[in-house]
Amino acid sequence: MNELVSLQSFNTFGLNVNAFKIETAHSKGELCTYWKDAIQQKLPVLILGGGSNVLFTDEAFKGIVIRNMISGIKITENEQYWDLHIGAGENWHKLIETLLEKKIYGLENLALIPGNVGSAPIQNIGAYGKEFKDVCTYVDVIELDNGHVHRLSNEECMFGYRDSIFKHQYQQGFAIIAVGIQLSKEWKPILTYGELAKLSSDSITPKDIFDKVCHMRSNKLPNPEIVGNAGSFFKNPIIDKQLAQSIKDEFPLCPQYVQSEGVKLAAGWLIDQCGLKGHQIGGAAVHTKQALVLINKENQATGEDIVKLATYIRKKVLERFGVNLEPEVRFISQYGEIDSVDAIS
């Protein structure tokens, strides 16, 4: 296993990193086989979907990467709902396009989020007033050493803001193979965020929302096929009401959203107020249109450059606002996933 293989086309940052081996699994049996092979060889294993939410921090991953490409879309319905069973390897955005063509609505606010379906529950992806947990009925996970499949209900997934049980108890030795989604036939638009709030709920259609979300995302987020990035790099921080009020007193224009657990701030706004748009370290830079996005500028960045830039951003935001930013992106070292907060602290 001397010859390394490139992961450049399997991570949306487009970083020039390598692995010992890449396997592609199209079934749960293949997933388990590749996993067991790696364990027998005492090698680290990384299960990868679309590679849209990972940062390789080193020049090589010294193990085996298994691409989870289990496909399939099964749709059943009754008078009230459509019930979907979706393979983990299906592309998320293409799924929404397929459903729109079939006149199945309810995921439009989550359009153009990069990555595959299997990543949606891990991150509890969300955008423009909707989260994955709002539509999820179950997640099927496989125990890789014995092939046992566990079906976790929505409640058992312990969804939080960009969080779930799949980042904790089910992180090691398990893989998501499918998700269950339920969409109501009584469609109601969600128009609470961004330019959607300017639309009229009386005449709006699901296609209108889909088009508007695609337009908003395309305008502010660079296409990873052209400029390497992983979308939103940091989570929007949730802070206590007292700190939120003191920030509001000093910065009246600071966007704030009251949540049950505190007040959510816009991480991109905080970074922008620190004057960091366009700031560059090595080949890594803050995107000039959206400060929440870090880019691989002209394909010159290393994972180390991006870690250094994220560390600098976190330090500047803490100094100015007293708020600690946490990465949304998963950090993968040469031996496996590491704590992203520790890496930039």
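A hairpin of 2 residues connects strand β15 to strand β16. The model in which this hairpin appears is a predicted one. This report begins with the sheet around the hairpin, then turns to the domains and finally to the salt bridges.

**The sheet around the hairpin**

Strand β15 covers residues 256-259 and is joined to β16 by 4 bridges, the two strands running antiparallel. Strand β16, residues 262-265, also pairs with strand β14, residues 238-239, again in the antiparallel sense, and here the pairing extends over 2 bridges. Together the 3 strands make an open sheet with the order β14-β16-β15. Because β14 and β15 stand at the edges and each has a single partner strand, one side of each is left without a neighbour in the sheet.

Individual bridge partners can be named on β16, as the following table shows.

| Residue | Partner in β16 |
|---|---|
| I238 | K264 |
| Y257 | K264 |
| V258 | V263 |

K264 thus appears opposite Y257 and is also the bridge partner of I238.

**Domains and the interface between domain 1 and domain 3**

How is the protein chain divided? Domain 1 spans residues 5-68, domain 2 spans 73-219 and domain 3 spans 222-344. In the contact between domain 1 and domain 3, 16 residues come from domain 1 and 24 residues from domain 3. The C-alpha centres of these two domains, domain 1 and domain 3, are 26 Å apart.

The size of an interface is often expressed as the accessible area that is lost when the parts come together. For domain 1 and domain 3 the buried area is about 1,800 Å², and carbon and sulfur atoms contribute 59% of it. On the side of domain 1 that touches domain 3, β4 (54-56) and β5 (60-68) each provide at least two residues. Sorted by class, this side of domain 1 consists of 9 nonpolar, 5 polar and 2 charged residues.

Which kinds of polar interaction cross this interface, salt bridges or polar contacts? Between domain 1 and domain 3 the number of salt bridges is 0, whereas 10 residue pairs are found in polar contact across the interface, with both residues at pLDDT 80 or more.

**Salt bridges in the structure**

The structure as a whole contains 15 salt bridges. One of them links the side chains of K212 and E195, with an N to O distance of 3.5 Å. K212 belongs to helix α4 (residues 206-220), while E195 lies in the loop between β12 (174-184) and α4, so this pair ties together parts that are 17 residues apart in sequence.

Conventions. Residues are numbered from 1 along each chain as its sequence is written. This is a predicted model: local features need pLDDT of at least 70, side-chain atom pairs count only at pLDDT 80 or more; totals for chains, interfaces and linings use all residues. Side-chain values use heavy atoms; hydrogens and water are left out. Domain bounds come from an automatic or database domain assignment. Contact means heavy atoms within 4.5 Å. Buried area is the accessible area (1.4 Å probe) that two parts lose on being put together, summed over both. A salt bridge is a side-chain nitrogen of Lys or Arg within 4 Å of a carboxyl oxygen of Asp or Glu. A polar contact is a pair of N or O atoms within 3.5 Å; within protein, one must be able to donate a hydrogen and the other to accept it, and residues adjacent in sequence count only if both atoms are side-chain atoms. Ala, Val, Leu, Ile, Met, Phe, Trp, Tyr, Cys and Pro count as nonpolar, Asp, Glu, Lys and Arg as charged, and the others, Gly among them, as polar. Two strands pair if DSSP finds at least two bridges between them.
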